[in-house]
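The following exercises concern one protein chain. Each sets a task and then works through its solution step by step.

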Amino acid sequence: MKRFVAYASVAGLVSLGMIGSAAADACQTTGTLAEAVGTVLVDKGQGFAPGVVGASLKGGDKVAVQGPGSAVVDFGNERTVTVPSSTTETLRVPGCGVALDSSTGLVIGTVAVGGGIAAAIALSNNDSKNGIIFPVSP
């Protein structure tokens with residue numbers, strides 16, 4: 001039983017690693033500034049400069065629209081980011097990575113705690129012939 005849980009834990013970690021690796025590859029996608037209406041500025045880490053349609057952008061770059069107008073960044077495969085008027089946004093590639101809302105965080109936390117408890121029980125040094133003994137108050 002101990003070996004099964006150990007192997008299952010390793011397989012789970014490897015799977016999570018592969019999912020994270022695939023998500024990281026998707027996150028390296030670059031996009032282009034497809035539309036700039038009004039005053040649009042772009043910051044690629046060296047300060048804001050005027051945004052030019054066709055400019056290459058990636059996740060983490062900032063796009064600012066001053067006053068009325070908008071900007072659209074196209075990452076391909078029908079993945080676009082629209083920046084509305086009077087807004088500055090740090091680009092996040094759509095569909096990239098795991099978005100942690102309250103439900104996703106709860107599920108991940110529950111799975112992590114449950115896996116930890118299962119591993120602790122399976123790997124505990126219990127010499128009982130009857131398996132695991134849970135203490136019960138008298």
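**Exercise 1. Which residue in E5 is the bridge partner of Ala-71?**

Solution. This is a predicted model, in which local features need pLDDT of at least 70, side-chain atom pairs count only at pLDDT 80 or more, and totals for chains, interfaces and linings use all residues. Residues are numbered from 1 along each chain as its sequence is written, and side-chain values use heavy atoms, with hydrogens and water left out.

Step 1. Helices (H or I, at least four residues) and strands (E, at least two) are DSSP runs, numbered from the N terminus; two strands pair if DSSP finds at least two bridges between them. E4 and E5 run antiparallel and are joined by 4 bridges.

Step 2. Within this pairing, Val-83 in E5 is the bridge partner of Ala-71.

Step 3. The two strands form a hairpin with 5 residues between them, and Gly-76 in the turn has a positive phi of about 80°.

**Exercise 2. Identify the other strands that pair with E4, with a residue pair for each.**

Solution. Step 1. E1 pairs with E4 in the antiparallel sense over 11 bridges. Here Val-37 stands opposite Ser-70 in E4.

Step 2. Strand E6 (residues 87-90) also pairs with E4 in the antiparallel sense, over 4 bridges. Ala-64 has Thr-88 in E6 as its bridge partner.

Step 3. To place these strands in the chain, note the order of elements from the N terminus on, α-β-β-β-β-β-β-α, which comprises 2 helices and 6 strands.

**Exercise 3. Is Ser-70 buried or exposed, and is Gly-38 buried or exposed?**

Solution. Step 1. Buried means under 20% relative accessible area, exposed over 50%, and partly exposed in between (1.4 Å probe, protein chains only).

Step 2. Ser-70 lies in strand E4 and counts as buried because its relative accessibility is 17%. Leaving aside neighbours within four places in sequence, Ser-70 is in contact (heavy atoms within 4.5 Å) with residues including Glu-35, Val-37 and Val-83.

Step 3. Gly-38 lies in strand E1 and counts as exposed because its relative accessibility is 55%. Its C-alpha is 7.3 Å from that of Val-65, although 27 residues separate Gly-38 and Val-65 in sequence.

**Exercise 4. Describe the largest nonpolar core and the place of Ala-71 in it.**

Solution. Step 1. A nonpolar core is a set of buried Ala, Val, Leu, Ile, Met, Phe, Trp, Tyr and Cys residues joined through side-chain atoms within 4.5 Å. The largest such core has 14 residues, of which Leu-33, Leu-57, Val-63, Ala-71, Val-73 and Leu-91 touch the most other members.

Step 2. Strands E1 (30-43), E4 (62-74) and E5 (80-83) each supply at least two residues of this core. The largest share, 4 residues, comes from E4.

Step 3. Beyond four places in sequence, the contacts of Ala-71 include Leu-33, Val-63 and Val-81.

**Exercise 5. Assess the confidence of the model and the burial of the chain.**

Solution. Step 1. pLDDT is the predictor's confidence in each residue, from 0 to 100. The chain has a mean pLDDT of 74, and 51% of its residues reach 70 or more.

Step 2. Over residues 14-26, pLDDT stays under 50, and the model has 5 contacts beyond four places in sequence for them.

Step 3. Of the 138 residues in the chain, 18% are buried. Among contacts with a separation of 6 or more, 46% are between residues 24 or more positions apart.
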